[in-house]
Amino acid sequence: MSENKNEGYVTADGRKIGGTLMEMKNITLRFGGVKAITDISFDIKEGEIRAIIGPNGAGKSSMLNVISGFYVPQEGEVWYKGARRPSMKPYEVARQGIARTFQNIALFEGMTVLDNVMTGRLNHMKANMAQQAIWKGAAEKEEVANREVVEKVIDFLEIQSIRKTPVARLPYGLKKRVELARALAAEPSLLLLDEPMAGMNVEEKEDMSRFILDVNDEFGTTIALIEHDMGVVMDLSDRVVVMDYGKKIGDGTPDEVRNNQDVIDAYLGVSHD
Amino acid sequence: DLTFSALSYRTGPYAANGIPFADGYQDYFTLLNERDGGIGGEKINLVECETGYNTEKGVECYESTKGSGALVYQPLSTGITYQLIPKATADGIPVHSMGYGRTSAKNGAVFNNIFNYPANYWDGASVAIKHLLDLNGGDLKGKKIALVYHNSAYGKEPIRTLEELSKKHGYTLTQLAVDHPGQEQKSQWLQIRRERPDYVIMWGWGVMNQVAIQEAVNIRYPMENFIGIWWSGSENDVLPAGEGANGYKALTFHNVGSDYPLYDDIKKYVVDAGKAAGAGDQLGTVLYNRGLYAAMLAAEAAKTAQAMHGTATITPQQMRDGMENLEMTEDKMTALGLPNFGPSFKVSCANHGGDGFGAVTQWDAKAGKWNMITEYMQSDQEVLNPLIAGDSEAYAKENGITPGCN
Amino acid sequence: MLDAGPTDETLLEVNNIEVIYNHVILVLKGVSLKVPKGGITALLGGNGAGKTTTLKAISNLLHSERGEVTKGSINYRGERVQDLNPAELVKKGVIQVMEGRHCFEHLTVEENLLTGSYTRGASRGDIDADLNMVYDYFPRLKERRRSQAGYTSGGEQQMVAIGRAIMSKPETILLDEPSMGLAPQLVEEIFNIVKGLNEKEGVTFLLAEQNTNVALRFAHYGYILESGRVVMDGPAKDLRENPDVKEFYLGMSDEGRKSFREVRSYRRRKRWLS
Amino acid sequence: MPDQLLFGTEVFLNGLMAGVLYALVALGFVLIYKASGIFNYAQGVMALFAALTLVGIMDGQVPFAHLINAVFGTEVHHFGWNIPSFLAIILTMGVMVALAWIVQQLIFRHLVNQEPIILFMATIGLAYFMEGFGDIMWGSDIKKLDVGIPQGMNALIDEVTYGAFGYGFFIDNLDIVAAVIATILVILLVLFSQYTKQGRAMRAVADDHQAALSVGISLNFIWVMVWSVAGFVALVAGIMWGAKSGVQFSLSLIALKALPVLMLGGFTSIPGAIVGGLIIGVGEKMFEFLIGPMVGGATENWFAYVLALLFLVFRPQGLFGEKIIERV
Amino acid sequence: MFYREAGDFKTSYTDDNQTFPIKFDRYRYYFVLFVAFCVIPFIVNDYWANAVLLPFLIYSIAAIGLNILVGYCGQVSLGTGGFMAVGAYAVYKLMTAFPEVNVFFHVLLAGGITAIVGVLFGLPSLRIKGFYLAVATLAAQFFLVWLFNKVPWFYNYSASGQISSPERTVFGYAVTGPHASAWTTYLFCLVFVTICAIIARNLTRGSVGRKWMAIRDMDIAAEIIGVDPLRSKLSAFAVSSFFIGVSGALFFSVYLGAVEVGEAFGINKSFLVLFMIIIGGLGSIFGSFAGAAFLVLLPVLLKNVLVSGLGWPTDLAAHLEFMIVGGLIITFLIAEPHGLAQLWRVAKEKLRLWPFPH
Ligand SMILES: Nc1ncnc2c1ncn2[C@@H]1O[C@H](COP(=O)(O)OP(=O)(O)OP(=O)(O)O)[C@@H](O)[C@H]1O
Ligand SMILES: Nc1ncnc2c1ncn2[C@@H]1O[C@H](COP(=O)(O)OP(=O)(O)OP(=O)(O)O)[C@@H](O)[C@H]1O
Ligand SMILES: [Mg+2]
Ligand SMILES: [Mg+2]
């Protein structure tokens, strides 16, 4: 793929991908002596599904954490929507329209599914404390309006029946789905998914795939995805970054990556089809 | 029946002090019931309520016992006293805070229903200074006196008096506050060690007393120069320090020991009859005696009230009158079997606090007992009266009370 | 696939158990299964089917989650083990690797592994040998041995959890989702380790797995759980050939593997649940 | 040396000594927290209870005398024997182990895997219970405790420093003994928790109850063990503090002196308890010495907490506490 | 089948957001309000008001306040006593400085002042977490108590350092001071309780509440999804301290009438209120009431049974009371770690299923 940096391209199945949405330039991240990420650069274009793969401990999750502002890299720059991102608190990053899910589920266990998904809308809710204390009026109107958005997401992900269940009681797979719902409720422009399908069986992975594709399709949401299931990665993603020991060892379309000898050695073992 | 209430604290941080007091209070009434059939032919009904030295429980106790027609309250805690001052006044029930509580309640014209005879904290401070004057031939000029006090309203009580007296007598006063509960007093005692005050006066309570005395022993402070208020002068306070506490002094407003005819009666009618409140081993201890003394004063006030109103079944209002007209004389006390047990005093509307007599006791560690080493002396009324007038007037103003005797 | 494999002796037997959480939530509605000695038995099923619950019921960890077995019985070597505490069960040789790793965050990787040998009265030397064995299986752990487990990556934590169980030299391991979050290579590797332990050391396995594909490749016998009930069981070979299993758990239709892009957006029905 | 400096040095030294006494109490907290994540509110009451039991045994008091007398109308108080302190300490230890076992069987066994705040609450329930129980068992009067530890000014230090500076430093013998005991305890406990199998198991339990269960660590055993050790530490603290003030209710309040120490040293660190104790001891004494007179004194209570707070702002897990792992 | 919700369908999100979505609950709530406002004032006497109802109501406010901080926002605080003292001293200064202003506003203002102080002491919460924070808040507790004790301005230079509340009226009826009658003090507090409970409920069901709960459950994740931790925590400190300040103000002015800071607002108070919310249920308004009721009423009840009923000596009864309260706390925790409120919810779930076990 040899397109100009800031231009889009057209995927194999005919979707149009826009210009660069986010670009990581020469990111290096260290924890004491451990180098989690070494000088990695890659970009994410508007509307594409970008996968990050690599063996365990390669630094994939750390990379997502850099994108979402939770880790501050020692070196390198993050460019978002055409501008260099100054150092920011994670919540400010979130307000720029970046939402994510977590590898080790990070739901709010003490709340119901509905409340969890509603937290995704927090950045869209503006009523001040006084209005909320009174409730009737602004706060209630806003609550109902946002609730409608959330209910759409809930319908979309087919979790209506567990709306009022405390998330602590849910099985793993449903929790993952609720997490996705929370991220979607934020209506992000960039959605980061850290192993969304870990711990699911094929049927559930199929469901999850469909949700991801639909989000991408219907809302044009850009998606960055970490996943170990090669079937899923190869089928869903438009371009793949491969990491190993904190270094980038491959970047390209699924087919390119699949046949890259470095990638095969470090990660795939045998070539998957 | 005549109902008396005892707001006691046999639990909580001060239980060790509360128990002997409550026992003494109760045993005296038991004695009256057993021996005399009550007061003026009316049996005494003592309602005990456990406060744990806690203000809120005190409120609960007050509210729950006031319905039973309690004649007088002995709240046994400065906090509860403050809290009851307006309440009891509104309800027309007298309160007797003996040796604690609000000092300026001595002014009966403002505090109609509150009594604090025979002595209050300011009297205590003044008596302590008087004792020191006596030791120094009437001159304290240039002497250094340190006050170690519990950092609370209670502990701060003597400060103003001691300051006024220092102006008069020319000693310098160092104030050393100890935070509740007072387990750790290294800083204060190191300072005392450095500054070597000639005398140390202590306003302590609970564990603070024991630790202070132990620390004084540790730094080898001469114990006979160390004087505690009456709430820092019980056996509980000195025993843990053992031999070292020998010679420690404390103020008192009643006598020590059990060498009185009345105690024979108590043994006979109460302890041996198995009706004692406690184990019966507290007889003659400082706090037991204090409880007994409080009960005796209450009973005498009740008698006075009965005589005044010509009825045996007095009301709280009549009890108040009895208290306001109480007169304790040596003859009266001898008749009660308590000769020389407490000072003589006379209560009046203008003076709800007695005449401010106190004495000094000293601990004899070998014999394991307190000895009274001075006569009763009167506090410096000249200095105290204006202070009391000032404070009570301020209270009257703040609460819209028109002072007056009826 | 494996010819060594299970003996006729049933090591662990679960009879018709019912599990209730919090006194009100009924999760298992009569699950029975048998784990033969020396075999690898797989417990398959979708999310929330009750796999974890079943394993916890066996290892007696339910108690600490306010769950209880209200009906049925669990026997190990013919002996009722429901009332034992988990530690006693480990002494008997049954150890569970919990879902979601559950490493001791503040302990180093090596200390984590050593806790596995807690119940053994083994000598320092034996333990060191086992430690080296685990490091051989998972070289990555050797590199990270001195770092606190809380700071290792998801996959590394999974290795720690499995390694820790191996350290107790168990007779039976209950493995809950060993493949979750592992790179494909490593999944293969871990199952090979399982196989190795099974064949060489004769360790019996009961494993709950979502990754049906791999699980059925390595297991001898499988149970499929749906909504708290066993809906199907049989030798792994048979299950792999079963068209339903193929479609719903292996993601294969008659034409071979489907692309995830081609998934229809309607819920298909499982025949046995209709 | 100028006077002020000499005095300051003396205050400093005494601060160190006071710190050791705080650390003794803090140690008990650390042990239990380390082994179970339980913030044991009842530690102070345990110290009181241990000291009460010790005195009771030494003096041959009849336990529950008051209750027995009230119910049966008897008059029993003393067995009439005196037990030597060494034997009494061993017997008391037995009682503390029994207590640990009961606490484990009746309370914490049922609360495995609960959130820290709930475990904390359970210890509060325990504290309430033991407060009442201790009083009923041994009575609420003040008891003198003397197991033969010397008290008062150390003459040697006084003489030596007097010779050197013309001002004899005051150091309390009791404090010196406490310092020695505390040091030994800390060393033993560090060795235990860092280098033994049980110590490792104990730390594992603190991290994750369920995982610990799953590898076969018996929570029962670990907890009984740790509560017993904590009971022993409580007994030591009770003896030291009880010697200063007599054994009485307020002894349970020494827990309040230990909390800032814990915070500063870190809830999970045994050496932290002692270092934290020293810093707090010196800090509060020096503040009272230097600044106290300007603001009216009695600053020690709050200053200890403020000092600890300041440290925490820079190191949220205390000086030696385990780093709070923040990952997603 | 005693407890039914079937047939109670919601057709709008507004309905679904109601405080009591189930009809039966709603009627019970109205009934309780009716009894509290229209029945009790006519039958209440001094004992019930002063010994039972006032402390219950006032502690309920404090418990709601602390529950917002601890139960909803997850910031464990042991500074409650100190903050109540701020409320008490603020109201005292206000009452004596502006006697012409209605005491109702004094109480509210006292809450506001406490909120400011609370925010100040809440600042370290950004870095300090869990039990470390709990212990750190003790700094506030001890410092505030020391301050009110030390600086005479706070107690208007009175000789004793005690403050006592002057008489103030609302609509011509005395609500503070010795002449206030049982029903006026009761109603005055009840109004505050009701307002506070409603505000708390509104705040906790909206976006502020969700921010708090998100911080409580997982602060890092919350920050990553867009919650500003400092602002959320501080807002929780502010709201919580406001309630606690109000309760402190009422505690002093209406209930006790005279207080000394160390005794009335010592560390024990901090613990007591914390116990209330843990026993009642963290993160539950109803739990705040339940916890307050438990710890206020149970001792009174026990005392009445043991001393008045069985005639035991007061000290034995008091010791036993301690043991029973402690024992009950433990029993409840074992039965249901999430407090009385959760116990109640589980009971309801069971009733719903009755007579079937599951
Ligand atoms: N906060 C941290 N402190 C110290 N080391 C860290 C931290 N976060 C990550 N690491 C280390 O950085 C490396 C990369 O971790 P990361 O979680 O990014 O891996 P990953 O690629 O997501 O792996 P997996 O597929 O197993 O989740 C690991 O070795 C991990 O131990
Ligand atoms: N502690 C608990 N309290 C209440 N319900 C629970 C609890 N743990 C699990 N459940 C419920 O039990 C059911 C089975 O859960 P379990 O974890 O056993 O499923 P699983 O088959 O392991 O699923 P997964 O593959 O997602 O791990 C789920 O519906 C879940 O909601
Ligand atoms: Mg990862
Ligand atoms: Mg599972």
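A residue counts as being near a molecule if one of its heavy atoms lies within 4 Å of it. Keep that cut-off in mind for ligand 2 in this predicted model. By that count, 20 residues surround ligand 2, and the closest are Arg169(A), Thr52(C), Thr53(C), Glu99(C) and Gln210(C). Since the surrounding residues come from chains A and C, the site is shared between chains.

Now for the polar contacts on the chain C side. The side chain of Thr53(C) puts an N or O atom 2.4 Å from an oxygen atom of ligand 2. Gly48(C) uses its backbone instead, with an N or O atom 2.8 Å from an oxygen atom of the ligand. Tyr21(C) has a side-chain N or O atom 3.5 Å from a nitrogen atom of ligand 2.

Next, hop over to the magnesium ion, ligand 3. Its protein donors are Ser61(A), through OG, and Gln103(A), through OE1, at 1.9 to 2.1 Å. Ser61(A) belongs to helix H1 (residues 60-67) and Gln103(A) to the loop between strand E8 (98-100) and helix H3 (113-119), so the pair ties together parts of chain A that are 42 residues apart in sequence. Both donors are tucked away: Ser61(A) is buried at 15% relative accessible area, and Gln103(A) is buried at 11%.

From Ser61(A), follow H1(A) to the sheet. The helix lies across strands E3 (20-31), E4 and E6 of chain A, at about 120 degrees to E3(A). The sheet itself is open and antiparallel, with its four strands ordered E4-E3-E6-E7. E4 (34-45) and E7 (83-84) each have a single partner strand, so one side of each is left without a neighbour in the sheet. Two bridges join E6(A) (residues 75-80) to E7(A), and Trp79(A) stands opposite Arg84(A) in E7(A).

Key
Residues numbered from 1 in each chain as written. Chains lettered and ligands numbered in written order. Predicted model: local features only at pLDDT ≥ 70, side-chain atom pairs only at ≥ 80, totals over all residues. Heavy atoms only, no water. Donors = N, O, S within 2.8 Å, 3.2 Å for Na, K, Ca; no water. Buried < 20%, exposed > 50% of the residue type's maximum accessible area, 1.4 Å probe, protein only. Pairing = 2+ DSSP bridges. Contact = heavy atoms within 4.5 Å. Axes fitted to C-alpha atoms, helices over the stretch in contact; angles between N-to-C directions. Polar contact = N/O pair within 3.5 Å; in protein donor to acceptor, adjacent residues only side chain to side chain.
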